[in-house]
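Reader: Please take me through this model and explain the terms as you go, setting each value against the rule behind it.

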Amino acid sequence: QGDWSSDVCSSDLESSTSGRTIEMRGGSTVGHELDRMVFAVSRRRPPSPPVRQDVVIERASRGCAEAVLGDRSVHVTWSIEEGWEDRNEVEAAFDPDELSMPLELRARTPGDRIRLRGGSRKVKKVLLEHRIPSAGRDAVPVLVDAAGEVLWIPGVARSTLAPPRPGAPSLRIRIEP
């Protein structure tokens with residue numbers, strides 16, 4: 001029921017880039033999300049910030065933990081295995097000798113980049129290309145090394161850094177909802 005601001009019309013929003021949001025009177029918003037217009041009615045209370053509990057993998061060993069990202073919980077396990085290779089979207093293997101430890105599983109942060117075969121790409125852009133709505137992007141786990149290099153976005157992309165060596169021990173990491 002809010003009114004459009006006098007400077008903005010619906011065609012401005014339709015022709016804008018994905019992720020643009022316009023606030024209307026009363027606190028409601030209308031935004032452009034991928035190929036849709038999204039309307040949100042304001043709440044009386046502002047929403048509480050999402051809960052976040054990162055997981056730190058101190059060394060290449062065996063372990064498990066729970067991470068909470070964007071109010072979504074994920075189970076993380078890791079172990080050293082001989083001759084292990086990436087097999088599916090929830091598991092990745094890394095050469096432990098090439099890793100800068102400790103590793104951290106966290107939500108994305110502004111400026112995150114991932115090294116792919118075609119070069120370095122912004123994580124935000126990679127998530128957009130995989131059609132992950134902006135409201136869900138803070139719940140997508142991102143594995144980074146001690147230098148802040150993004151190694152893996154489960155189900156989305158695996159960095160070219162620290163690939164497993166055939167026949168050598170690998171650090172296997174599994175992330176499940």
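Author: The secondary structure comes to 2 helices and 15 strands, where helices (H or I, at least four residues) and strands (E, at least two) are DSSP runs numbered from the N terminus. This is a predicted model, in which local features need pLDDT of at least 70 and side-chain atom pairs count only at pLDDT 80 or more, while totals for chains, interfaces and linings use all residues. Residues are numbered from 1 along each chain as its sequence is written, and side-chain values use heavy atoms, with hydrogens and water left out.

Reader: What makes glutamate 33 count as buried?

Author: Buried means under 20% relative accessible area, exposed means over 50%, and partly exposed lies in between (1.4 Å probe, protein chains only). Glutamate 33 has 10% relative accessibility, so it falls under the limit and counts as buried. Arginine 137, at 6%, is buried by the same rule. Over the whole protein of 177 residues, buried residues make up 35%.

Reader: Why is the pair of glutamate 33 and arginine 137 called a salt bridge?

Author: The term asks for a side-chain nitrogen of Lys or Arg within 4 Å of a carboxyl oxygen of Asp or Glu. Between glutamate 33 and arginine 137 the N to O distance is 3.9 Å, so the pair meets that condition. The two partners come from distant parts of the chain, 104 residues apart: glutamate 33 belongs to strand β2 (residues 29-33), and arginine 137 sits in the loop between α2 (123-129) and β12 (142-144).

Reader: How do you know that β2 is paired with β3?

Author: Two strands pair if DSSP finds at least two bridges between them. Because 5 bridges join β2 to β3 (residues 36-40), the requirement is met, and the two strands run antiparallel. Glutamate 33 has arginine 36 as its bridge partner in β3. The two strands form a hairpin with 2 residues between them, and leucine 34 in the turn has a positive phi of about 55°.

Reader: What makes β4 and β8 edge strands?

Author: Each of them, β4 (52-53) and β8, pairs on one side only. They belong to an open sheet of 5 strands in the order β4-β6-β7-β15-β8, with antiparallel pairing. The link from β4 to β6 (residues 63-69) has 2 bridges, which satisfies the pairing rule. Glutamine 53 stands opposite valine 68 in β6.

Reader: Which parts of the chain does the salt bridge between arginine 172 and glutamate 81 tie together?

Author: The N to O distance in this salt bridge is 2.7 Å, and because arginine 172 lies in strand β15 and glutamate 81 in strand β7, the pair ties together parts 91 residues apart in sequence. Arginine 172 is buried, with a relative accessible area of 18%, whereas glutamate 81, at 23%, is partly exposed. Salt bridges with shared partners join Glu81, Glu91, Arg172, Arg174 and Glu176 into one network. In total the structure holds 12 salt bridges.

Reader: What does the side chain of aspartate 112 reach?

Author: It comes to 2.9 Å from the backbone nitrogen of threonine 109. Aspartate 112, in the loop between β9 and β10 (113-116), also forms a salt bridge with arginine 106, whose closest N and O atoms are 2.9 Å apart. Its relative accessible area of 9% makes aspartate 112 buried. Arginine 106, in turn, has valine 142 as its bridge partner in β12.

Reader: Which residues touch the most other members of the largest nonpolar core?

Author: A nonpolar core is a set of buried Ala, Val, Leu, Ile, Met, Phe, Trp, Tyr and Cys residues joined through side-chain atoms within 4.5 Å. The largest one has 18 residues, and Val76, Phe94, Leu103, Leu105, Leu143, Trp152 and Ile173 touch the most other members. At least two core residues come from each of β5 (55-57), β7 (72-82), β8 (91-94), β9 (103-106), β13 (150-153) and β15 (169-176). Another core, of 12 residues, lies apart from it and includes Leu127, Val144, Ile153 and Val156. In soluble globular proteins, nonpolar side chains tend to be buried together.

Reader: What is tryptophan 152 in contact with?

Author: Contact means heavy atoms within 4.5 Å. Leaving aside neighbours within four places in sequence, the partners of tryptophan 152 include Glu89, Phe94, Pro141, Leu143, Arg158 and Ile173.

Notes:
A polar contact is a pair of N or O atoms within 3.5 Å; within protein, one must be able to donate a hydrogen and the other to accept it, and residues adjacent in sequence count only if both atoms are side-chain atoms.
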